[in-house]
Amino acid sequence: MSESAATTESAIAEAAALLRASSHAVALTGAGLSAESGIPTYRGTGGVWTRFGEPTIDGWDLFCTDPGAWWREALDHSHAGSEFAESIDRAVPNAGHIAMAELERMGRLAHIITQNIDNLHEDAGSRAVTEIHGNRRRVRCMNCGTRDRLDLISLDRLPPTCPECGGILKNDTVMFGEPIPDDALRMCYRQAAAADLFLVVGTSAVVYPAASFPILARERGAPLIEINPEPTELSHIASIVVRASAGSALPDIVELLRR
Ligand code: APR
């Protein structure tokens, strides 16, 4: 066995041991977890932002100025980058998502904070999930905050309006410049405060406030496990680093915990 394989194997064994000893493990997940489901990541080689450039910071302002125009543009699938949207729509959970749902069922993972908008944690069976950047399959009312399934909303008139209060509906995904919804943010801080172990899976950890939650938990003394084939902004504070893909490392951890 090569040295790096031996290192990864022992890191996976240490991670499983920490999960076995933990009573409230929390995970932060990012685009890298969904990469093996065919959804490109944002940064790095082949990343969406690398290829098409980051969206303008005023996306939220543009939406607030003319939500009808935003919806017309969003429903027009001919623009560059829509293949990204299509890759999300046809994606299914991979072994990494399925392993995390299994960790929840085993009582080894208390909560997932995901930056992903693809609904794949829920599709895999995870239930304790906070989507800090929203969910592409849902809409959210700008007035009362009600969330609904996008496919149940009439798009005959744009912008669509809230069945509860008549307010304007936007896609639930959080735009650049848009504040993170309060309910999601409160749950993230609660989980960071309760965590006695924090997993960071498939994220470059450059976007805030998402990247702050593992740091808060680490500062409170919770060990941090990083699962990522590449170094990240948090590698220097990680207790254990598993330099492997999520789709291979997480099922191995589940397997060790089953024994
Ligand atoms: N398994 C685990 N990690 C992987 C894999 C894999 N198979 N493939 C890639 N990665 C890692 C990369 O090494 C990188 O560190 O996933 C990370 C992806 O980083 P980003 O593309 O920056 O994605 P993310 O961290 O989720 O971005 C955060 O930025 O633009 C915003 O709203 C967007 O939610 C997103 C946020």
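Let me start with the contacts. Among contacts in the protein chain between residues at least 6 apart in sequence, 66% join residues at least 24 apart. Please keep in mind that this is a predicted model.

Now the overall build. The protein chain has 11 helices and 9 strands. Its radius of gyration is 19 Å, close to the 18 Å that the globule rule gives for 259 residues, so the chain is as compact as a globular protein of that length. Along the principal axes, the C-alpha atoms fill a box of roughly 60 × 35 × 30 Å.

Next, surface and interior. About 12,200 Å² of the protein chain is exposed, and carbon and sulfur atoms supply 53% of that area. Of the 259 residues, 47% are buried. As background, nonpolar side chains in soluble globular proteins tend to be buried together.

That brings me to the cores. The largest nonpolar core has 28 residues. Which of its residues touch the most other members? They are Leu199 and Val242. Several elements give two or more residues to this core. On the helix side they are H1 (3-21), H7 (95-105) and H11 (246-258). The strands are E1 (25-29), E7 (197-201), E8 (224-227) and E9 (240-242). Which element gives the most to this core? It is H11, with 6 residues.

Val242 deserves a closer look. Leaving aside neighbours within four places in sequence, Val242 is in contact with Thr8, Ala11 and Ile12, and also with Ile225, Glu226, Ile227, Asn228 and Ala249.

There is also a second, separate core, of 21 residues. Among its members are Val200, Ala205, Ala211 and Leu234.

Last, one of the sheets. For orientation, strands of a sheet pair through backbone hydrogen bonds, either parallel or antiparallel. Here we have an open sheet of 3 strands in the order E5-E4-E6, and the pairing is antiparallel. Which strands are at the edges? Strand E5 (147-149) and strand E6 (169-171) are, each pairing on one side only. From one strand to the next, the twist averages 35°. Strand E4, residues 138-141, pairs with E6 over 3 bridges in the antiparallel sense. If you want to find this pairing on the screen, look at Cys141, whose bridge partner in E6 is Leu169.

To recap: the largest nonpolar core has 28 residues, the second, separate core has 21, and the open sheet runs E5-E4-E6.

Note on methods:
Residues numbered from 1 in each chain as written. Predicted model: local features only at pLDDT ≥ 70, side-chain atom pairs only at ≥ 80, totals over all residues. Heavy atoms only, no water. Pairing = 2+ DSSP bridges. Helix = DSSP H or I, 4+ residues; strand = E, 2+ residues; numbered from the N terminus. Axes fitted to C-alpha atoms, helices over the stretch in contact; angles between N-to-C directions. Rg over C-alpha atoms; globule rule 2.2 N^0.38 Å. Buried < 20%, exposed > 50% of the residue type's maximum accessible area, 1.4 Å probe, protein only. Contact = heavy atoms within 4.5 Å. Areas by Shrake-Rupley, 256 points an atom, 1.4 Å probe, with all protein chains shown as cover. Core = buried A, V, L, I, M, F, W, Y, C linked by side-chain atoms within 4.5 Å.
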